[in-house]
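Open the model in your viewer and keep the selection box at hand. This tour goes from stop to stop, saying what to select and what is there.

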Amino acid sequence: MLDFFTIFSKGGLVLWCFQGVSDSCTGPVNALIRSVLLQERGGNNSFTHEALTLKYKLDNQFELVFVVGFQKILTLTYVDKLIDDVHRLFRDKYRTEIQQQSALSLLNGTFDFQNDFLRLLREAEESSKIRVPTTMKKFEDSEKAKKPVRSMIETRGEKPKEKAKNSKKKGSKKEGSDGPLATSKAAPAEKSGLPVGPENGELSKEELIRRKREEFIQKHGRGLDKSSKSTKSDAPKEKGKKAPRVWELCGSANKEVLDYSTPTTNGTPEAALSEDINLIRGTGPGGQLQDLDCSSSDDEGAAPNSTKPSSTKGTLGGMFGMLKGLVGSKSLSREDMESVLDKMRDHLIAKNVAADIAVQLCDSVANKLEGKVMGTFSTVTSTVKQALQESLVQILQPQRRVDMLRDIMDAQRRRRPYVVTFCGVNGVGKSTNLAKISFWLLENGFSVLIAACDTFRAGAVEQLRTHTRRLTALHPPEKHGGRTMVQLFEKGYGKDAAGIAMEAIAFARNQGFDVVLVDTAGRMQDNAPLMTALAKLITVNTPDLVLFVGEALVGNEAVDQLVKFNRALADHSMAQTPRLIDGIVLTKFDTIDDKVGAAISMTYITSKPIVFVGTGQTYCDLRSLNAKAVVAALMKA
């Protein structure tokens, strides 16, 4: 039933292995190490690789890993019990060999565990097959038999009393509700002065006339006040009418001036720009991406002041406070870490990390530290915090690193353009960050063709045309030997985006452009028709890089967007191996201060790198992710 069971050290030495089938277990175990253990994703003890399900257990005290693999179509209920029994017996049997903690001793050691494992496997399989026969529950075992006889006897007077109490309560509510109605009904009678009862006979005729006269004045006086107010409010409106202000750069209401739908021939350079180029460009080196800096001026100002109160504390109290939380030379347990992990989880959620991912991160840290022997002068809080920091840094440095400049030069040698497709939800800044990446590529000497494949949103083509005009002003053909460095390829609105992208790639190949940046329409992850169109565009044109553009302001929504985008691309793709998201562009990073949890959420859920980070509104406001700076901002109190 089992395909394999292997025991190896965290250093990579295989101590013992059981092969249930002829296939090698090297591939699945290496995939587990690569995707889970090295990426700090040990919150769940199960991992799926192709047709196999792998379950594993970590022994942090002796630095061992126990892995069992079986077909994922099988439901084996005894696997968890088996892996626990094997872990306990192997550790107790070979404790002296493992405690030496040297690779040479592990290599020279003989771990003859085959017979013991087969015995444990047989016992586990038999225990799963044994089913306790279900027997009918007797009356003596029920809860009713335990009650005394007096409690089950009902007297006649009990229920009517309860009903009487309820009726009294209802009656009081009705009386309370009738009170305002009675007063409200009596009020008009008093106002009108009509003879309702015998009490009104005491009023004289003169008093009745005087009351009626007051009521008449009050009614008609209110109407006059309303009419006077309405006339006063209408008068300023008529006086306040003025001609609408005409702005200088706004244009006029002439249809010919506002008509931007005139076709432009692809291949003609854009007109020169009359704006200030320095304001458009921004400050900083455009060709070299700077590392992201998450430190703020408030932190720098608060740092020197934070050291002053510490000097005023008593040395004796500080010494006892330091010694209070020391672990001593003992192994950590779940109970020791529970309170610290709860605080860490709440802290991560407050920093904009998705709630599910915060729970998985804390579970991964708990699995990593459980049973680990700590030093004498180390506290639980510092140990858990350090382990969490290491896990977060490892998560932000995923398996694949995207190097666009290297890939573009490789495509140049093959004499073809390098194609990048941008996708994402509405309003996250796809077109703006596409223009920033275009400027970065231009600064590095590559020519760029921008494909306007957003044929749905009004003004999308005009926005890209404005960016192209500004980029042309920053990199005119005169500086590059008469060569046009940036150009827009568009076919207007209402056309097929996949067809426009195909024509743009063919045009770039004929004209010798180095890079094609494909801008797509924003779409929500639940919109099936638009997700089908995006999957068609990616399948037909096979871009070299698919970038998901997401904003840093989202929390739980980041996980939902990325999961559903990947799922939709896989479901609606016509290829056998569907093309998914290759990298992430994180925008609006300058608006979140130290709430940088969206970077962790996006990277954790996709295992894809954050290629670019947008930090402003000029072309130079583009950064590369600095994992240590992000983690430092995330862990800051």
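Two strands count as paired if DSSP finds at least two bridges between them. Keep that in mind for the first stop. Note too that this is a predicted model.

**The whole chain**

Show everything. The chain has 25 helices and 14 strands. Of its 637 residues, 38% are buried. Now look at contacts between residues with a separation of 6 or more: 76% of them join residues 24 or more positions apart.

**Stop 1: the five-stranded sheet**

Select strand 1 (residues 4–9) and strand 2. They run antiparallel, and five bridges join them. Click on Phe 5: its bridge partner in strand 2 is Phe 18.

Now add the other strands of this sheet. It is an open sheet of five strands in the order 2-1-5-4-3, with antiparallel pairing. Which strands stand at the edges? They are strand 2 (14–19) and strand 3. Each has a single partner strand, so one side of each is left without a neighbour in the sheet. Ignoring direction, neighbouring strands here are turned by 20° against each other on average.

Next, select helix 5 (residues 114–129). Helix 5 packs on this sheet and touches strand 1 and strand 2. Its direction makes about 50° with that of strand 2.

**Stop 2: a hairpin in that sheet**

Select strand 3 (residues 46–49) and strand 4 (residues 52–59). Four bridges join this antiparallel pair. Ser 46 stands opposite Lys 55 in strand 4. Two residues lie between the strands of this hairpin, and Glu 50 takes a positive phi near 55°.

**Stop 3: the nine-stranded sheet**

Move on to the other sheet. It is open, has nine strands in the order 6-14-13-12-11-7-10-8-9, and its pairing is mixed. Strand 6 (290–291) and strand 9 (486–489) are at the edges. Each has a single partner strand, so one side of each lacks a neighbour in the sheet.

Select strand 11 (residues 545–551) and strand 12 (residues 583–587). They pair in the parallel sense over five bridges. Find Gly 550: its bridge partner in strand 12 is Leu 586.

Now add helix 19 (residues 430–443), which packs on the sheet. Helix 19 touches several strands, among them strand 7 (418–423), strand 8 (448–452) and strand 10 (515–519). Its direction makes about 170° with that of strand 10.

**Stop 4: helix 21**

Select residues 497–511. This is helix 21, with 15 residues. At 1.5 Å a residue it should span 21 Å, and its end C-alpha atoms are 21 Å apart, which agrees. Colour its buried residues, including Ala 497, Ile 500, Ile 505 and Phe 507. What covers the buried residues? The cover includes strand 7, strand 8, strand 9, strand 10 and helix 22 (528–541). Just after the helix, Gly 512 takes a positive phi of about 80°.

**Stop 5: helix 23**

Select residues 556–572. Helix 23 has 17 residues and reaches 24 Å from its first C-alpha to its last, close to the 24 Å expected at 1.5 Å a residue. Its buried residues include Val 559, Leu 562, Phe 565 and Leu 569, and also Gln 561 and Asn 566. The buried residues pack against helix 16, strand 7, helix 22, strand 11, strand 12 and helix 24.

**Stop 6: helix 16 meets helix 24**

Two of those partners also meet each other. Select helix 16 (residues 355–369) and helix 24 (residues 597–606). They pack at an angle of about 75°, with their axes 10 Å apart. Helix 16 and helix 24 are therefore roughly perpendicular to each other. Ile 357, Gln 360 and Leu 361 in helix 16 meet Ile 600, Ser 601 and Tyr 604 in helix 24. The residues of this contact divide into four nonpolar, two polar and no charged.

Keep helix 24 selected and add the sheet again. Helix 24 lies across strand 11, strand 12 and strand 13, running at about 165° to strand 12.

**Last stop: Lys 588**

Look in the loop between strand 12 and helix 24 for Lys 588. Is Lys 588 buried, partly exposed or exposed? At 29% relative accessibility, it counts as partly exposed. Leaving aside neighbours within four places in sequence, Lys 588 is in contact with Gly 427, Val 428, Glu 551, Ala 552, Leu 553 and Gly 614. Finish with Gln 617, which is 29 residues from Lys 588 along the chain. The C-alpha atoms of the two are separated by 9.1 Å.

Technical notes
Residues numbered from 1 in each chain as written. Predicted model: local features only at pLDDT ≥ 70, side-chain atom pairs only at ≥ 80, totals over all residues. Heavy atoms only, no water. Axes fitted to C-alpha atoms, helices over the stretch in contact; angles between N-to-C directions. Parallel < 35°, antiparallel > 145°, perpendicular 65-115°, else oblique. Contact = heavy atoms within 4.5 Å. Nonpolar A, V, L, I, M, F, W, Y, C, P; charged D, E, K, R; others polar. Expected span 1.5 Å × (residues − 1). Buried < 20%, exposed > 50% of the residue type's maximum accessible area, 1.4 Å probe, protein only.
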